[in-house]
Amino acid sequence: MPKNKSKNAFYFFMLDWKRRAEAQGRKFPNGLKDVQREPECNEEWQCLTKQEKGPYEAMAKNDKITSQISSKDKKTSYGESINMIEQKELEIMKFKKEMQENIKVIIKSAVNLNFLPKLKFCIVHVNYFFTKIVNNALEYFPAEYAFGVFSLENGIEEVHHAIVSTKIPLGYRREALETSANSHNIPVEYPGGETDFVVMYKKLVDFLDSRKLVDQYPYLYTTTTNMGAVQSLITKLSDAAQENKDQFKIYELESLFTHLANEAYKNRTDRDINCIPIYAGHIFTRYTYIFEKGFECHFHKYVDGGTEHCSKSVLQQWAWTLCDEFCEPLGVVMQPGVHKPKKSKTDISQVMTNLMSNLKVNDTHESATESKAILSMTGVSERHRLKVSSRTYQEEMRRRNESKPIQMIDYGKESANKPIDDPVNKLNKSVEEEDKCVPNYLNEKPLRPPNINKNIYALPVNDLSIDDEESFPPIGGRGVPIRSRLGARKLPLGKGESDLWTHR
């Protein structure tokens, strides 16, 4: 079992100093080992007063108490305290219960004030490049994100969208290329995106500031499958700006759908209220509006599959799904382009047109994007392999001019005009040709021709006798006739003779 060692005050100071240094652009490949060698960090620690060291000493004291308590607990194979894991599970259950109560209060208050169609919600979607495990938790590296303000009356009112172009850490580039090629098609380190997480945090705060309620940012709603990516994005932006991430509350979009359905489905007879939670978990996985165009970002507008995976387009698909379910029961007139696509979703010709528009034929291999240039184990991309192995037009014409024309030979006619050769000469010729065709591998000598009497084939078939022991030696061996071997054997005398015939 790994031993739990408490951290001193200087350890927590190094964590704080490292976070401030990384916000300024500095990097520490070896983590706290590099920070401990920094003279600036040591000098700043020496210059701190006793009061300034107080918070770090308090953190060290709390860590010591926690380590002493956890040392008595049972641990998993990863060295985690089972009690701590159970405590985290209780916190998650408490958070979900609080989430359900808050959403219920918001919906009930809006219904009582007849304000539900105008109630605004903030929905979020995040695309990512790769994932990695940090402190036994899955962390997502963002590639694109979109925050949208939505209401049942006005649909999507405003969207804050950004493509992340920061440098991919060492060792994760291939996974980022594969994830990009299989989903959103955003190139790694895209030149037109955002590069600084501090700037991205400030832009996001400016977008959400006008929608605060009593110094509280609005709740951020996303699907359960996208929850981890949104939490990782908020954590990364808050850590870069040295702000508290707990000021942003991330709720499940399925829970919002459930509470909206409990009020709106009272006026619908084609929905079963008892099956709302199951229906809520399924409705955001449908592909009803996946091929609708016109709401993508500036990048995905000209990329294959942009309407399927673009974060901005996904927000619009979620909004149309909510409007399709709740606008009519709440008395909201659905307008094309706002609450639903401009054309009916049941128009098969429109769906086929969207499918055909996604098809793209490249005349050359040079038009492949960087996200398709995934390296193999030998370090060669598929685009380079196709380019090298393919022939140009000049090479193809030269190969055709230098090649000899095909000659058609009818061996049936030639054999009819030529006399039949002597069998002996034909055999000699075939044996000589076989000797010439024997390949020479590693300077080895060709195989010895078989020891066959060639003159035997010139004799008539009737002269060959099966009983000829000289020409056809017996299988039993080495040219000795079987009759001579049996005749040379001496039989035992006396009783042995009868025993021999009995066993025989």
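Modeller: A helix axis here is a line fitted to C-alpha atoms over the stretch in contact, and angles run from 0 to 180 degrees between N-to-C directions. The model is predicted. In it, helix α7 (residues 197-209) and helix α8 (residues 227-241) pack at an angle of about 105°, with their axes 8 Å apart.

Biologist: Why are α7 and α8 called roughly perpendicular?

Modeller: Their angle is about 105°. Angles of 65 to 115 degrees count as roughly perpendicular, so α7 and α8 are roughly perpendicular to each other.

Biologist: Which residues of α7 and α8 make the contact?

Modeller: Phe197, Val198, Met200, Tyr201 and Leu204 come from α7, and Ile234, Lys236, Leu237, Ser238, Ala240 and Ala241 from α8. By class, this contact of α7 with α8 has 9 nonpolar, 1 polar and 1 charged residues. Lys236 belongs to the contact, and Lys counts as charged.

Biologist: What makes α9 oblique to α10?

Modeller: Helix α9 (residues 253-264) and helix α10 (residues 276-283) pack at about 135°, with axes 9 Å apart. That value is above the 65 to 115 range and not over 145, so α9 is oblique to α10. The crossing of α9 past α10 is right-handed.

Biologist: What residues meet between α9 and α10?

Modeller: From α9 there are Glu254, Phe257, Thr258, Ala261 and Asn262; they meet Ile276, Pro277, Tyr279, Ala280, Gly281 and Ile283 in α10. The contact of α9 with α10 has 7 nonpolar, 3 polar and 1 charged residues. Gly281 is in this contact, and Gly counts as polar.

Biologist: How do you know that α1 is oblique to α3?

Modeller: Helix α1 (residues 9-23) packs with helix α3 (residues 39-47) at about 125°, their axes 11 Å apart. Perpendicular ends at 115 and antiparallel needs over 145, so α1 is oblique to α3. The α1 and α3 crossing is right-handed. Ala9, Phe10, Phe13, Met14, Trp17 and Arg20 of α1 make the contact with Glu40, Cys41, Asn42, Glu44 and Trp45 of α3. These divide into 7 nonpolar, 1 polar and 3 charged residues.

Biologist: How much space lies in the second largest pocket, and which residues are the closest to its centre?

Modeller: The second largest pocket holds about 750 Å³. It is lined by 28 residues, of which His125, Thr225, Phe284, Val314 and Trp318 are the closest to its centre. Two or more lining residues come from each of β1 (120-134), α10, α11 (306-309) and α12 (311-326).

Biologist: How do the lining residues of that pocket divide by class?

Modeller: The lining has 10 nonpolar, 15 polar and 3 charged residues. Trp318 is one of the residues that line this pocket, and Trp counts as nonpolar.

Technical notes. Residues are numbered from 1 along each chain as its sequence is written. This is a predicted model: local features need pLDDT of at least 70, side-chain atom pairs count only at pLDDT 80 or more; totals for chains, interfaces and linings use all residues. Side-chain values use heavy atoms; hydrogens and water are left out. Helices (H or I, at least four residues) and strands (E, at least two) are DSSP runs, numbered from the N terminus. Angles under 35 degrees count as roughly parallel, over 145 as roughly antiparallel, 65 to 115 as roughly perpendicular and the rest as oblique. A crossing is left-handed if the near helix is turned anticlockwise from the far one by less than a right angle, and right-handed if clockwise. Contact means heavy atoms within 4.5 Å. On a 1 Å grid over the protein atoms alone, a cavity is a set of points where a 1.4 Å probe fits but cannot get out, and a pocket is an open set with protein on both sides within 12 Å along at least five of seven lines; lining residues have an atom within 4 Å of a point. Grid points are joined across faces, edges and corners, and a volume is the space filled by probe spheres set on the points.
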